[in-house]
Structure formats: C-alpha cells, structure tokens
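Hi everyone, and thanks for coming. I'd like to walk you through one protein structure today, so let's put it on the screen.

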Amino acid sequence: MPPFRIGLLKRKSDTKETKPKVSDSSQEESDDEKLISGQLDADGDDTDSEHEEEEASDHEQDEVLFDDSADSTLGEDEHVADASEESSDLEDSEEDDDDDEGTSKEEESGDESEKSSVDSGAESGPVHTQSGASDSETDKKSKKDKRQKVKVKKDRGQKTESSIDRLADTIKKTSVTQLKPVGQKDEYESGDTSDEEDRRNTVGDVPMWWYNEYPHVGYDLDGRRIIKPPQRDQIDEFLKKCEDPEFWRTVRDPSTGQDVILSKKDLKLIHRLREGHVPDPTHDEYQPWVEWFTREVLQTPLRAFPEHKRSFLPSRSEQKQVARIVHALKMGWTKTRKQLADERRKKREKNFYNLWGSTTEEEEQRLRGIHKHIPAPRRALPSHAESYNPPPEYLLDSKELKEWNKLSETPWKRKYTFLPTQYASLRQVPAYERFTRERFLRCLDLYLAPRAIKMRLTISPEDLVPKLPSPRDLQPFPTSESLVMRGHVGLVRSVDFDPAGQYVVSGGDDCTLRVWESSTGRCLRTVRLAESVSRVAWIPTAGLSLVAAAAGARLLLLNPGADVGAHRVAQRTDDLLEEPPPKHDVQVDERTSSAVEWQRVTPEEWARGVRLAISHFKPVTHVAWHARGDYLCATLREGASRAVVVHQVSRRRSQLPFSRAKGLVQCALFHPTRPLLFVATQRVVRVYDLVKQELVRKLLTGAQWISHMAVHPAGDNLLVASYDRKCIWFDLELSSKPYQTLRLHGGAVRAVAFHRRYPLFASAGDDDNIIVSHGMVYNDLLQNPLLVPLKQLRAGGRAEELCVLDVRWHPTQPWLLAAGADSTLRLYT
C-alpha cells in the first residue's frame, strides 16, 4: 500500500478519537467543511473519485504526509500505536478491495472504514486510559459518533441539489478562459476513440515546444484552448509507477499532453518495427511479381535523328543566375536560412561583458576594427659583428678600412652597414648616433608599405601539363621521310593524290603540271602551261580521270592521259567532255557572263591534255571539288562579291552564289555530305546553306588572317590555319567559338589537311617542321574530340622565307605528302 494512504488512514483514526471532545460549534464548522468538500468533489474529475469520502482536506493530507507532529497523539504509548497501525492496515485492505467498484460502493466502504476506525479506537481505549476511564464513557463516545455520522449523511442528502445549482450558476457566469479544461478527461480511458475528431488538436504540424511558455497546448475544433493537464514531478511519476500496473505501456501524447495506454495491437506493431519486419502482419513480402511494363525495347526511336550536342549543355541563363546567387553569397549581400536563423538566435541571447577582466588581443583587434591583422616582420637578431666586444676576425684591418672609406659614396656596396668597433666594457659604449633616424625610417616603412596576405598556390609544373595518351598507343602515323620527288624548278605550290592513291599531281611556279607515281617517285607526265600553277586538285570520284589546275585567271580541266590510270576511264572522260551540252541548258545572266566564260580548247591544248578551259576576270587562288565530282568551287583574288564562283562540269555553266561582298575571301570548301558551303574571309568563317540560300552559322576564329582550312571527313569539325601561327579547331555541333587553339608552329601556318580514314591531321607552314597530330572525333555527342600532337617531321629547305606550301594525306595509307619551297615533293611514311 502506498505510504500516503497509510498516513491518511492514521489521520482518520486521530480525528475519530478527538471528535467527542469537540464542541457543538466545531461540529457545525466540520459540517460546513464537509459540504464544501462535497461541492469540490462534485467539480473534480474522475481521477479524484477514490478520495471523495475523505474528511481531511488537501492541507491536512500534506500534514499527514510530511509533518511528524501528526503522529504525536498516537505516540504516548507503544501499545496504542501498534493497535492503531493494525486497525489502519485493516482499513487499507478494505479500501483496496473496494477501489474497483462504483461510486456508491466507495461511499459504503468509506462508512465501513469510519465505523471500523471508531471500533478500533474503542478497543484501544482501555489500553490508552490507564488513569481510570470506565467502559460506560467509551460507549457514550461511540454512540455520539454514530449520531454525528447519521447527521452528516442527512445533511449531504439535503444539500446535494443546492450545491449542483450553485455550480451550474457559477459555470454560466465564468468566461471562456475560466472554463473547465477540455483535455483533463482522458479520452482513451474508456477505450473508445470514436470522438477523437471532436477533441482533436488543430494546431497543425508545428513544434510543440512553441507552447512551453503557455498554459495551453493548442485549440480544438471550436477554437477553445486545450489546457495542459496537471504536470507530474518525479515523485508523482515514481508513485504512479509503483501503483499503476499499466505504467510500462503508457505514453504521453505530445499534442494534448494526455497519457495514452498502448493496446496489444500497438505493442505488436512496435515489436515488429523493432525487429525490422513489415508493420502489417498480413502483408506478403514474397508475393509473385507483376510485370507492369514490358522488357522488350522498342526498335524504332521516338525521333528520326539524334539529339543535338547543344541540348546536352547546361542552360546559359540558369548558369548566369546561379553565378549571380553564388557571388551574392560570397560578398555577403544575401544569406542562407541557416545564417539568418543563427543571427536571430544571437540577437535573442543576452550579452554579458567582462567589466573587470582584461580583453584578449583578438577582442581588442575586433573592437578597433582590425580584420586579419598581420603583425609587423621582426628584425633579424644582431650578429657577432654588432657586439660591443666582437671577435678579432670581425674587426676591420687597415686594408679593409681603406676599402670601407672608398665606398663612402656607394654605401650599399659595403660588407656591413656599420663599422664594427671593440670596447672594453658595456659602460664605454656611446649612444647610437643614428638611432632616431633609423627608428623614423622603420616607422615610415611600416606606415607607407602596408602588409597584405598573398594567396600562393603550390602547383607543380607537371600538374599544369594535360595528361595525354602515349603516342605509341596512337599508331600508325608517319614518322620518317621515305621519298623525295625532284623535277620542278621553282616553288611547288600545290599537290594532290588521285582517288586510289597511286598517282600524285603537282603544280608550281615553273609553269608546269607534273604527274608522279607515288610508290616510286617517278615522273610520268609533264604538262607545260602558259602561266604558273597556283592550285591543283584531282577529282574525288574514281569513275573519271580529271585534274583541275588554276593557271592565272584560267581554270583548266586536264585528262592526265591513258598512261596514267586505267585507259578506259580516260577514254570515258574524253567522250564525256568532247561534246558540249545543249545551248538551252547553258543560259547565264549578264553578271555571271561578265565574270566567267567557258572556252573551247584548241587542238594543241587538247593534245597536251586540256579538255576544258574556264576564263575568269580575276586570278584564281583556290580550287575545291564537290564530293560527287560534278561541281567545282573557285576562289578569285580581289573578286569582291564575285570572289566565289561555283562551276557545274556536266552542264558547263557557272553561278555566283553571293550578291554582296562580306570581306576578303581566302578560300571556299564544300561540306562532305550536306549542301553547305564554307567561305573563309580574313577573320571569320561563314557557313551557307546552298538549298535554302541563307547564312547558317558564323564562326569566330580570333585569328588576324586566315590562310587555309580543312573539313573533317565526318563534316562535324573544321580546322582553320592562320598566318599568326595558329591552328584553330571548331566543333560545329558545340559552339561557334573555337573548341581548341593549337600553337604548334613558330611561323605562319599555310596548309592543314585531314586524313580520310585515320584520326590524323597535319599542319605545315613557314617554319622547318611539319606537325602530325591525332584528332579523334567520337560518335558519342557527350564526348569531346581528343587532340594529341604526335610527331614533328623535318621539312625541306627554305626559299624566299618559305618552307612548306601544301600538304596532302594518302587516301588509304597513313602517308603524308608535302610540297616544299625547295622545288621538291617529300613523302613521309
């Protein structure tokens, strides 16, 4: 039995013994107290039902629990105390047996306990009154107590209705804040939670510690405050733990503050969660899998063409916005939510100042407004020569003293800034003459030369060099010079291979066009022309044998002859070009006819191999074939808007694609697979769509003067050479700006070329080197091209400050052919 019940029952026995000695006035006061206690008990909740019949108030209970003087009336005799304890134990057992019954049974048990207390007092009477009290007096006392009990019950019956009326009037008069707390009654006590919606806390998903300083924990559906239930301290928790058998499975609801007893179902759920099982015991973890989607991949894509490479790049506007936010965070203009919360927390904190303690160096600097203070550098410690009694080797002899005096005009060349002197004792050392001067200069240095922190990065030179694959892993590529072809007299301006790679054509300033055999270097044929040859180009299709040669203002189409290549191909070419097309197909406008004229060749020229001649109004500087071999693009020097001319061989007509000049045109090329035309001016490369007749893209090279360009066989990349020693790589799918700029030459770059089969490209110019590089272009749009310089080949001799004027790759082999200014052709394998 809990100790406070024992004390209460002891107090009951004391009051029963002392009641016969109380006057009538005291009896009336006790009756009033009973009425008041009955009214309070009626207002109380269910948790106080077990104390409804107790006569003592809360104040009296505290006295019983904590006041030692309450037991003084029972402590006169040890026998009396033992008897009272036995009677109280009996009463406790009776009350514990009757606690589980209803309210009416509690009242009956209270009456029985009162009677038993009186009887126990009567039985202990003879032991206590050893001074001579008789049995008759004790009988009178017991009868009088019984009469008082009957009177109390009658008064209660009469005043029950009046007390209820008074409570109803009091409830009507009270305000909303004085109402009885809504949450005092435990809604889980009966086990029925069907009315949970009516008593729900409607504060929402907010931290409950917000209500720590308020008497309520939220609001119900009617907007009334849910008052916090009475809080228990540690002693109450211990007592509840001792007497409540359901304490081990009782938890507190944070939203209402009430105690909730967990059911067996809740305990099973918690046990399954702690064991790591599925909360629902009826759920089958190993039920058969239902395939909602098919595993078969569609063979046809949603779109007929792959995604553009630009679509995989991050958005430029989003990048700028993120950069703007990051810059604002770095500058401190905007702050994160965590920083704002920390600032609000610091403002709420109370600052305490140490009035009597000394401030530290950091606090003093903070108060003075010094941020990141840098201490002044310390001066070097004095050496032995600065001692007042230096060793003899530090003293200057006559020779050194004479040299010292000579350097009076240039004192910074002296060994010391002072003259070492020896004194017998420290007292004989005079005052330093320049002390004030040096201190002033020292302070001036500290004032005029403010110190700053320099962020130094310790980066080794090896880390700055990009990690590239080894050249051995990128073979094959040409490594040495294997063949030299001599026969030209002047500069060799241009070279080219035939589609099979068996023959080589070259042209130079000696007004000759020569055909060579690539395997042996033997000159098979020489064609003499009226002017120097600036450009030669072999037709890319194998069905015709035709060479385009630019000689001055004339563009000549030659057939090398039956001795070069298959004689059937040469005969078919002659048959095709011998008969002109119908005249209605050769209708040109006046602007084109004034710039271009198709001429019939003379019999002498036909005998030399010339099949067609196209005369221009300006000298031809560059020639390029279309991949199909029917169209030919010629670039004219200083041609303005008519600098680019497109010729169609089958119909023998010409076109001027541009009506307005965009700059000084250097060269023009066809796209390998698409109807696009690349036109390089002095600083910009423009890409035109020949079908739509519009400008597609403008490539910004960043070079001062473009000299040459080459298109990758796949058509997605472009290589541009310039006279300012640059090789500029463009990824046409990525951007209009250079992907990479290679500075591999010491002079002007005059020629670049791509290999048709291998991932190789070469560049050459006015320096003595030919650079062979690896240029791998991947099919994956997310992977950038890999550019690796592989080999530096030694070129031929110089002539007129020129070295290499043109380079060409073999169609099938990793061989490189270079046209040199020393009248030679060099083949590298």
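Let me begin with two residues: Arg 808 and Asp 496 are both buried. They are also partners, since Arg 808 forms a salt bridge with Asp 496, with the closest N and O atoms 3.7 Å apart. This pair links distant parts of the chain: Arg 808 sits in strand E31 and Asp 496 in strand E6, which covers residues 492–497, and the two are 312 residues apart. Please keep in mind that what you see is a predicted model.

Now let's step back to the overall picture. The protein chain has 829 residues, of which 33% count as buried. There are 17 helices and 33 strands in it. Take the contacts between residues at least 6 apart in sequence: 52% of these join residues at least 24 apart. As for the surface, the chain exposes about 55200 Å², and carbon and sulfur atoms supply 51% of that.

Back to strand E31, where we met Arg 808. Which strands does its sheet contain, and in what order? This is an open sheet of 4 strands, running E5-E33-E32-E31 with antiparallel pairing. The edges are strand E5 (481–486) and strand E31 (804–809); each has a single partner strand, so one side of each is left without a neighbour in the sheet. On average, neighbouring strands here are turned by 20 degrees against each other, ignoring direction. As a general reminder, strands of a sheet pair through backbone hydrogen bonds, either parallel or antiparallel.

If you zoom in on the sheet, you'll find strand E32 (residues 816–820) joined to strand E33 (residues 824–828) by 4 bridges, with the two running antiparallel. Within that pairing, Ala 819 stands opposite Leu 825 in E33.

Let's return to salt bridges. How many does a search of the whole structure find? The total is 19. Here are two more that I'd like to show you.

One is between Arg 232 and Asp 259, whose closest N and O atoms are 3.0 Å apart. Arg 232 lies in the loop between strand E2 (225–227) and helix H7 (234–243), while Asp 259 is in strand E4 (residues 259–261), so the pair ties together parts that are 27 residues apart in sequence. Are these two residues buried or partly exposed? Arg 232 counts as partly exposed, because its relative accessibility is 29%. Asp 259, at 17%, counts as buried. The pair also has company: Arg 232, Glu 237, Arg 252 and Asp 259 are linked in a network of salt bridges.

The other is between Asp 574 and Arg 611, whose side chains meet at 2.6 Å, N to O. This pair again links distant parts of the chain, with Asp 574 in helix H15 (residues 567–578) and Arg 611 in strand E14, 37 residues apart. Asp 574 counts as buried at 14% relative accessibility, and Arg 611 counts as buried at 9%.

While we are on strand E14, let me point out one more residue. Strand E14 spans residues 610–616 and includes Ser 615. Ser 615 counts as buried because its relative accessible area is 18%, and the cut-off for buried is under 20%. What is Ser 615 in contact with, leaving aside its neighbours within four places in sequence? The contacts are Ala 553, Ala 595, Val 596, Glu 597 and Gln 599.

That's my tour. Thanks for listening, and I'm happy to go back to any part of it.

Conventions: Residues numbered from 1 in each chain as written. Predicted model: local features only at pLDDT ≥ 70, side-chain atom pairs only at ≥ 80, totals over all residues. Heavy atoms only, no water. Buried < 20%, exposed > 50% of the residue type's maximum accessible area, 1.4 Å probe, protein only. Contact = heavy atoms within 4.5 Å. Areas by Shrake-Rupley, 256 points an atom, 1.4 Å probe, with all protein chains shown as cover. Pairing = 2+ DSSP bridges. Axes fitted to C-alpha atoms, helices over the stretch in contact; angles between N-to-C directions. Salt bridge = Lys/Arg side-chain N within 4 Å of Asp/Glu carboxyl O.
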